[in-house]
Amino acid sequence: MQPDIRQEIIKSIKKLPTLPIIFEKILETVDDPRSSANELQEIIKNDQSITAKILNMANSAYYGYSKRVSSLSRAVVILGFDMVKNIALSVSVFSMFPYKNEKSYFNKEQFWLHAIACGYLGKMIAERTNYYEPDKAFIACLLHDIGKVVLDSYFEDDYSKAIQIKAKENISIREAEEKVIDLNHTEVGYFLGEKWDFPDELLSAIRYHHFPAEAPQQYSSLTYLTYLTNIVCQEERIGEGGSVLPVQIEPQTFAVLKLKDSHLELIRQDIQDLREKLETMIQAIHL
Ligand SMILES: [Fe+2]
Ligand SMILES: [Fe+2]
């Protein structure tokens with residue numbers, strides 16, 4: 001391990017670009033219950049790349065329309081307000097980290113599938129449990145592993161090494177990251193979220209998504225929800241979440257989220273039912 005790599009990474013996170021404006025604007029609409037489909041279209045229509053990806057999705061075989069969908073407003077009708085919002089949120093963040101390292105051991109496509117699947121599943125868990133803000137759940141779960149992409153994009157050689165060590169030693173990606181760069185993706189995601197002025201609740205979900213009991217108590221709902229979502233998505237094998245090692249869900253999770261065992265089965269079914277749609281989405285928004 002290079003002695004000061006931890007400091008070097010923290011310093012470079014501070015120099016990363018700011019949060020995309022479009023993400024910030026959509027985040028504002030999440031806090032405003034009066035926000036409408038029209039407002040969302042106004043935000044999105046100026047961004048050609050996001051608009052193109054939304055049209056791509058509306059034109060995918062999954063939706064089966066024979067006539068070409070060429071307007072954003074028509075796409076909103078076909079895909080629904082939520083789907084359009086989720087694509088815009090995902091694409092605005094994902095496009096900050098384009099593919100650049102062909103030799104990387106990090107499978108970005110599978111990673112984004114994991115991220116989007118977690119976003120959707122988190123939202124569904126929020127709707128099935130007492131956690132009352134599904135949109136916030138979507139964002140926290142979508143972004144929980146964002147630190148991994150930062151590491152792969154800016155420290156690709158070290159990160160590829162960590163991925164190899166993980167496979168060779170059969171340890172979690174978090175432990176492998178710590179071995180190679182003296183820092184793990186939850187910390188990197190946290191530093192990035194701080195730079196992007198994320199609310200504390202979202203920072204807590206990113207920072208403690210593997211150890212929710214360590215989260216500040218006032219943020220434990222969202223943190224436990226993110227923790228559970230990550231485990232279920234990995235167990236259901238949708239995308240690549242970085243670990244196939246079995247994890248025992250902390251019993252506290254059920255109490256915090258007022259979740260019953262029977263919910264868990266429904267939640268697993270929820271995400272399997274969405275698999276095809278999510279895979280289509282990843283193809284449609286290919287970055
Ligand atoms: Fe993680
Ligand atoms: Fe994850």
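**Entry 1: the two iron ions**

I began at aspartate 145, which bridges the iron ion (ligand 2) and the iron ion (ligand 1), 3.9 Å apart. The model is predicted, so I noted its limits: local features need pLDDT of at least 70 and side-chain atom pairs pLDDT 80 or more, while totals for chains, interfaces and linings use all residues. Residues are numbered from 1 along each chain as its sequence is written, chains are lettered from A and ligands numbered from 1 in the order in which they are written, and side-chain values use heavy atoms, with hydrogens and water left out.

**Entry 2: iron ion (ligand 2)**

Which protein donors does the iron ion (ligand 2) have? I found His114 (NE2), His144 (NE2), Asp145 (OD) and Asn230 (OD1), at 2.0 to 2.3 Å from the ion. Donors are N, O and S atoms within 2.8 Å of the metal (3.2 Å for Na, K and Ca); water is not among the atoms, so sites may look incomplete.

I looked up the angles among the 4 donor atoms: they run from 85 to 173 degrees, and the site of the iron ion (ligand 2) is irregular. For that word I wrote down the rule. Four donors count as tetrahedral if all angles lie between 85 and 135 degrees; four count as square planar and six as octahedral if opposite donors are over 155 degrees apart and all others between 65 and 115; anything else is irregular.

Along the chain the donors of the iron ion (ligand 2) follow the spacing H-x29-H-D-x84-N. Histidine 144 sits in the loop between helix H8 (134-143) and helix H9 (146-154), and asparagine 230 in helix H14 (residues 220-235), so this pair ties together parts that are 86 residues apart in sequence. Helices (H or I, at least four residues) and strands (E, at least two) are DSSP runs, numbered from the N terminus.

Are histidine 144 and asparagine 230 buried or exposed? Both are buried. Buried means under 20% relative accessible area, exposed over 50%, and partly exposed in between (1.4 Å probe, protein chains only).

**Entry 3: iron ion (ligand 1)**

I listed the donors of the iron ion (ligand 1) next: Asp145 (OD), His185 (NE2), His209 (NE2) and His210 (NE2), at 2.1 to 2.3 Å. The arrangement around the iron ion (ligand 1) is irregular because its 4 donor atoms subtend angles of 84 to 172 degrees. The spacing of these donor residues in sequence is D-x39-H-x23-H-H. Aspartate 145 in the loop between H8 and H9 and histidine 209 in the loop between helix H13 (200-207) and H14 link distant parts of the chain, 64 residues apart.

I checked how covered that pair is. Aspartate 145 is buried at a relative accessible area of 2%, and histidine 209 is buried at 0%.

**Entry 4: helix H9**

How many of the 9 residues of H9 are buried? I counted 8, so H9 is recorded as mostly covered. Among the buried residues are Ile146, Lys148 and Asp152.

**Entry 5: the whole chain**

I found 16 helices and 0 strands in the protein chain. The C-alpha trace spans about 55 × 45 × 30 Å along its principal axes. Why does the radius of gyration of 18 Å agree with a compact globule? Because a compact globule of 287 residues would have one near 19 Å. The radius is taken over C-alpha atoms, and the globule rule is 2.2 Å times the number of residues to the power 0.38.

Of the 287 residues, 56% count as buried. The chain exposes about 13500 Å², of which carbon and sulfur atoms supply 48%; the areas come from the Shrake-Rupley method with a 1.4 Å probe, and for residues, only the protein chains shown count as cover.

**Entry 6: aromatic pairs**

A search of the whole structure gave 10 aromatic pairs. Tyrosine 62 and tyrosine 63 have ring centres 5.1 Å apart and planes at 75 degrees, so the pair is edge-to-face. Rings of Phe, Tyr and Trp (its six-membered ring) pair if their centres lie within 6.5 Å; planes under 30 degrees apart count as stacked, over 60 as edge-to-face and the rest as tilted. Tyrosine 62 is partly exposed at 34%, whereas tyrosine 63 is buried at 17%.

Phenylalanine 111 and tryptophan 112 also form an edge-to-face pair, 4.9 Å centre to centre with 65 degrees between the planes. Phenylalanine 111 and tryptophan 112 are buried, and they belong to one aromatic cluster with Phe94, Phe106 and Tyr159.
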